[in-house]
Amino acid sequence: FKNSSQTDFVQPFRSYISSNYGDQLFREHIDDFLDIQRTREGLIQLEAKESNKALVLKYYNYLLSIELHFPVTESQIKLSFAWSDCLSQKKYASYSIHYEKASTIFNLGALSSQLGSLEDRKTEEGLKKSSHHFQTAAGTFSYLRTYLQSHPLPQDVCSTDLSLEFLSVLSNLHLAQAQQCFYEKAVQAKFKAVLISKIVAQVAHLYDLTYHSMLSPSLKSSFEKLTNWVPDVHTRVVYFTCMMYYQASLNSKDSSRYGEEIMYLNKAISLISEFRRTSRIPESHERIIETFYTTLLKAQRLAETDNNRIYHETVPKDVNQFPIEKKSLVNPICSLKEELSKDVFAKFLPGVILKTTSIYSEKKAELVRKESALLSDYNDQAKGALASLNLPEYLDSFEIPPHRFQTLQERILLLQQKGGAKYLEEQLNSLYDNPKNSISELDSLINLLRDEDKTHTEFSQRFNSFNSAVVPSHSLVLLEATTLLEKLQLAQKSDGIIKQRFENELPLLALLSNATSLSNLLAVSDDEINKLIHNLKESCQELDSLLASRSQLMAKLKQQVSQDEISDKLLGKSENLHPAVLEEELLKFAPLCSDIQQNITLQGFLLNQIRERKEELVKSCELGKRSMKIEKLERLEGACKTFLELDFQLEGGSRFYENLRALIGSYKERTVKLIEKRNLERGQFLRQVIDDMKKT
């Protein structure tokens, strides 16, 4: 059941009736309102009793009478109806009489469902009553679905249990249960297998419709929260489908079609085996499924044995070529009608006036929906037009973002703290001196090596027996000097590139080095481009204001509609004059509708103006008339970036020359030692030669 909470009927109706009809008429009907309240309280915690059907129908008749005579709405008679979603137990409340009627109809269907479940289905009478209750439940839920199609609920009370999809599930589910009762009766009465197979085929079909509806995207998540609903219905689909094939196999056996008998049994076993392997079987069905599975296996084994020994019939492969006819024995039953059995409020407004006011309310609602949809379409059109023009993002490109301004300020401060252009110039001059000294020193060492090599060569030619043992060789040492010299020459080229870059940026770097204010640096005369930007911004702001004013116009229209009442203007007028009254009353909304139309017309003018001004601005930029302020900002940012890169490169250059000087120093030391060793070696050789000559 859908659960509810108490609702006060007395006070809301007292206020309305006293102000429109006088206190006397309310006092005459106070017992009726108290009885309505008591009747509804009896439905809050509804029990599954046959007598409660009359209670639900009595309250529903009260609702029909109230709907016919009283404007139960949020703005007039405010009756708050609160009901819980039977699936999630979430509470939904509304002032809609349709919501109250829908919830009452739902509980009438739920009551029939529970009554059907409580019947003793082991007896023929119990099966008959149970089937009737289930058919009544199916009819009630089907009626509710039709009612909601013609009386849509407010969006805020569209609970899952009142959705059209869920009501279809409930209708099919109860028809399936009703048909199942006929199947059980057929089994108990030992009907022929051919008839039972047709009845159970319809049972399986209805459960299958229910199962697949449960898995639809709009309902799947709701049913997954209910532990056993989906597994239970799935189990019934498989069980009754397999039972259909089993009964068909019995009929085939009775008709001496033994190949068909085995085919049907094979299909049933295949389905139930796959189901047992892949699906969760509810505990309440486990024993039934296992017993039936055993029955199928036994029947298959006997049938195959007899066929192999006696009949030798071919077993058809495709069971779909032997369709089983479905026989439906149930239909939705619903006794509900939108007709009063007793009109307790007949003394109030005539039904024709209420009908006219209802039509008028719908016309007003349609007017609001139409204007709201119109404005929504034009809002989307405006947003789409601005997006196609890349607005307002395009305008933002002409503004200096605060973070960009702040970053540039910080970089200029860092540049000045390091000494600016003068600092870089000093670093460059220092850098230029390094390679000159190093190259001069390397040239001297190379010349020294070559002189030594010449001396060494002449000595070796003079004394053929002389063999030098000093390492490394002269050529390797000379090669190392040449490598160091090449590194220096490459470094000089890099230094030249750095110097050229410095000289290119020197004017801006010098400007930044002495700057006291970034705002002063960016101060430019940019009148032409600024005027174009200003004009485009102005048009965009006017469009924004226009779009914002629409919500105010709709609020005024809704307020005027909600406060409007014409019942008193219909009293005393014949029904054939009512349409003229409606048309005249609807004219009072014309001024606001005219304002809305003017708003829409102005949108077209503004969008055309925005396009033209954007084109003019783009054309100016393409001709080189970009914002001078932005251009200058970009140049200053580029100069700061260059400073940081040059500073980094100069620091790297200094480290390079420092390391290279260390290498040259080491090389010089090794070269001097090499020359000294060779001089020593030649001296020793000469002394040995002289000593040898003295001995001879």
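This is a short walk through the pockets, two buried residues and the salt bridges of a predicted model.

Let us begin with the open spaces. The largest pocket holds about 1800 Å³ of space. Its lining is made up of 48 residues, and if you look for the ones closest to the centre, you will find Val-72, Thr-73, His-98, Ser-361 and Glu-362. Several elements give two or more residues to this lining: the helices α3 (52-69), α4 (97-118), α12 (351-388) and α18 (527-562), together with the strand β2 (91-94). The top contributor is α12, with 13 residues. Sorted by class, the lining of the largest pocket has 21 nonpolar, 15 polar and 12 charged residues.

Now move to the second largest pocket, where about 430 Å³ of space lies. Here 19 residues form the lining, and Ser-113, Leu-170, Leu-173, His-174 and Trp-229 are nearest the centre. The elements that supply two or more residues to this lining are α4, α6 (164-188) and α9 (229-254). This time α6 gives the most, with 5 residues. The classes in the lining of the second largest pocket are 12 nonpolar, 5 polar and 2 charged residues.

Next, let us visit two single residues. You can find His-456 in helix α15, which covers residues 420-462. Is His-456 buried or exposed? His-456 counts as buried because its relative accessible area is 11%, and the cut-off for buried is under 20%. Its side chain makes a polar contact of 3.3 Å with the side chain of Arg-682. Apart from neighbours within four places in sequence, His-456 is in contact with Phe-466, Ser-468, Arg-678 and Arg-682.

The other residue, Lys-364, belongs to helix α12. With a relative accessibility of 6%, Lys-364 is also buried. A polar atom of the Lys-364 side chain lies 3.3 Å from the backbone oxygen of Asp-564. Setting aside neighbours within four places in sequence, the residues in contact with Lys-364 are Val-561, Asp-564, Leu-586 and Phe-589.

Our last stop is the charged pairs. Side chains of opposite charge can pair when their charged atoms come close. How many salt bridges does the structure hold? There are 28 salt bridges, and three of them make good examples.

Take Arg-38 and Asp-35, whose closest N and O atoms are 3.7 Å apart. These two residues are separated by about one helical turn, because they are 3 residues apart in helix α2 (residues 23-44). Asp-35 is buried, with 17% relative accessible area.

Back in α12, Arg-369 forms a salt bridge with Glu-366, with 3.0 Å between the closest N and O atoms. Arg-369 and Glu-366 are 3 residues apart in that helix, about one turn. Arg-369 is partly exposed at 42% relative accessible area, and Glu-366 is partly exposed at 41%.

For the third example, look at helix α22 (residues 628-695), where Lys-673 and Glu-669 lie 4 residues apart, about one turn of the helix. Their side chains meet in a salt bridge, 3.5 Å from N to O. Lys-673 is partly exposed, with a relative accessible area of 45%, and Glu-669 is partly exposed too, with 47%. Salt bridges can also share partners, and in this way Lys-364, Asp-564, Lys-569, Glu-585 and Lys-588 are joined into one network. That brings us back to Lys-364, the buried residue of helix α12.

How values were computed: Residues are numbered from 1 along each chain as its sequence is written. This is a predicted model: local features need pLDDT of at least 70, side-chain atom pairs count only at pLDDT 80 or more; totals for chains, interfaces and linings use all residues. Side-chain values use heavy atoms; hydrogens and water are left out. On a 1 Å grid over the protein atoms alone, a cavity is a set of points where a 1.4 Å probe fits but cannot get out, and a pocket is an open set with protein on both sides within 12 Å along at least five of seven lines; lining residues have an atom within 4 Å of a point. Grid points are joined across faces, edges and corners, and a volume is the space filled by probe spheres set on the points. Ala, Val, Leu, Ile, Met, Phe, Trp, Tyr, Cys and Pro count as nonpolar, Asp, Glu, Lys and Arg as charged, and the others, Gly among them, as polar. Buried means under 20% relative accessible area, exposed over 50%, partly exposed in between (1.4 Å probe, protein chains only). A polar contact is a pair of N or O atoms within 3.5 Å; within protein, one must be able to donate a hydrogen and the other to accept it, and residues adjacent in sequence count only if both atoms are side-chain atoms. Contact means heavy atoms within 4.5 Å. A salt bridge is a side-chain nitrogen of Lys or Arg within 4 Å of a carboxyl oxygen of Asp or Glu.
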